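Subject: Structure handover

Hello,

Here is the structure I promised to pass on, with my notes underneath. Have a look at it first, then read on at your leisure.

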Amino acid sequence: MAETGEPVAVVLLSGGLDSMVSAALAREQGFALHALTIDYGQRHRRELDAARRIAAELGAARHVELALDLRKFGGSALTDDVDVPKEGVGEAIPVTYVPARNLVFLSLTTAFAESGGARDIFIGVNALDYSGYPDCRPEFITSFAHTASLGTKIGVEDGPIVIHAPLQYMSKADIAREADRLGLDTGMSWSCYDPRADGLPCGACDSCRLRRKGFAEAGLEDGLRYPYDIPPA
């Protein structure tokens, strides 16, 4: 429990739109927020700044930034010297997939939660409008929650670890509407995989395309500014 008497939820906060909405939903449900942000050597470093702003805006009681340099492994366009694809969202798992990222991140989030006596974890994964990453699928989240409950002292003695994935079955348009309902400044978040030299999102990577398409379908304006030379979604 937090000092305020509220139950604590640990939120995996990347700084992206989905993680911001997930964190805001945890707060709306009455949880005190403990946020964990992983600095894994990602090329889109703007996410880290966004995570700090979001944690402060949502009143996180604690925000931990953990360094974990996955560049030493490579194997992804986000952690290696590989071009980020800009041709549009395809059927195959793209090169922007970071090997076992959510498996690793949820393990760390579970350790963070257990150290503070929390059993509730929020993650902003989505299985509808996304790039097909296997570690965003509902069956993975269900399986991990079971494993975490078996492999932790708190899970054995106090009850199961609960992984909340409130955006799991939402489209990007649904997520944009939810951000609007919650009164969030979406311009505080960052989703682009390959920021431009002028500091703007590229507008053409999978993450940018999905985000822009979602706001367009929702009939809402994204608070994040995009380059003028990128065609509308």
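**The sheet and its neighbours**

Val8 has Ala32, in β2, as its bridge partner. The element names come from DSSP runs, numbered from the N terminus, with helices being H or I of at least four residues and strands being E of at least two. Before the rest, some housekeeping: the model is predicted, so local features need pLDDT of at least 70 and side-chain atom pairs count only at pLDDT 80 or more, while totals for chains, interfaces and linings use all residues. Residues are numbered from 1 along each chain as its sequence is written, and side-chain values use heavy atoms, with hydrogens and water left out.

Back to the strands. β1 (residues 8-12) pairs with β2 in the parallel sense over 5 bridges; two strands count as paired if DSSP finds at least two bridges between them. Another pair across these strands is Val10, which stands opposite His34 in β2. The chain gets from β1 to β2 by way of α1, in a right-handed β-α-β crossover (with the strands pointing away from the viewer, the path from the first strand over the helix to the second runs clockwise). β1 also runs parallel to β4, joined to it by 3 bridges, and there Val11 has Phe122 as its bridge partner.

How is β1 placed with respect to solvent, buried or exposed? It is mostly covered, with 5 of its 5 residues buried, where buried means under 20% relative accessible area, exposed over 50% and partly exposed in between (1.4 Å probe, protein chains only). Val8, Val10 and Leu12 point one way from the strand, Ala9 and Val11 point the other way, and all are buried.

As a whole, the sheet is open and has 5 strands in the order β3-β2-β1-β4-β5, with parallel pairing. β3 and β5 (162-164) are the edge strands, each pairing on one side only. On average, neighbouring strands are turned by 25° against each other, direction ignored. Helix α3 (residues 101-115) packs on this sheet and touches β1, β2, β3, β4 (120-122) and β5, its direction making about 140° with that of β2. For such angles, axes are lines fitted to C-alpha atoms, for helices over the stretch in contact, and the angles run from 0 to 180 degrees between N-to-C directions.

**Helix α2**

The 12 residues of α2 (residues 46-57) should span 16 Å at 1.5 Å a residue, and the end C-alpha atoms are 17 Å apart, which agrees; the expected span is 1.5 Å times one less than the number of residues. Its buried residues are Glu47, Leu48, Ala50, Ala51, Ile54 and Ala55. Seen down the axis, they fall within an arc of 160°, so they line one face of the helix (the arc is that of the directions from the helix axis to the C-beta atoms). These residues pack against α1 (17-28), β2 (32-39) and β3 (62-67), contact meaning heavy atoms within 4.5 Å. Exposed Ala56 and Glu57 sit on the face turned away from the buried side. After α2 comes Gly59, with a positive phi near 70°.

**Two glutamates**

Glu178 lies in α6 (residues 172-181) and counts as buried at 16% relative accessibility. Leaving aside neighbours within four places in sequence, Glu178 is in contact with Val21, Leu25 and Met170. Glu217, in α7 (residues 206-218), counts as partly exposed at 44% relative accessibility. With the neighbours within four places again left aside, Glu217 is in contact with Ala173 and Arg177.

Best wishes
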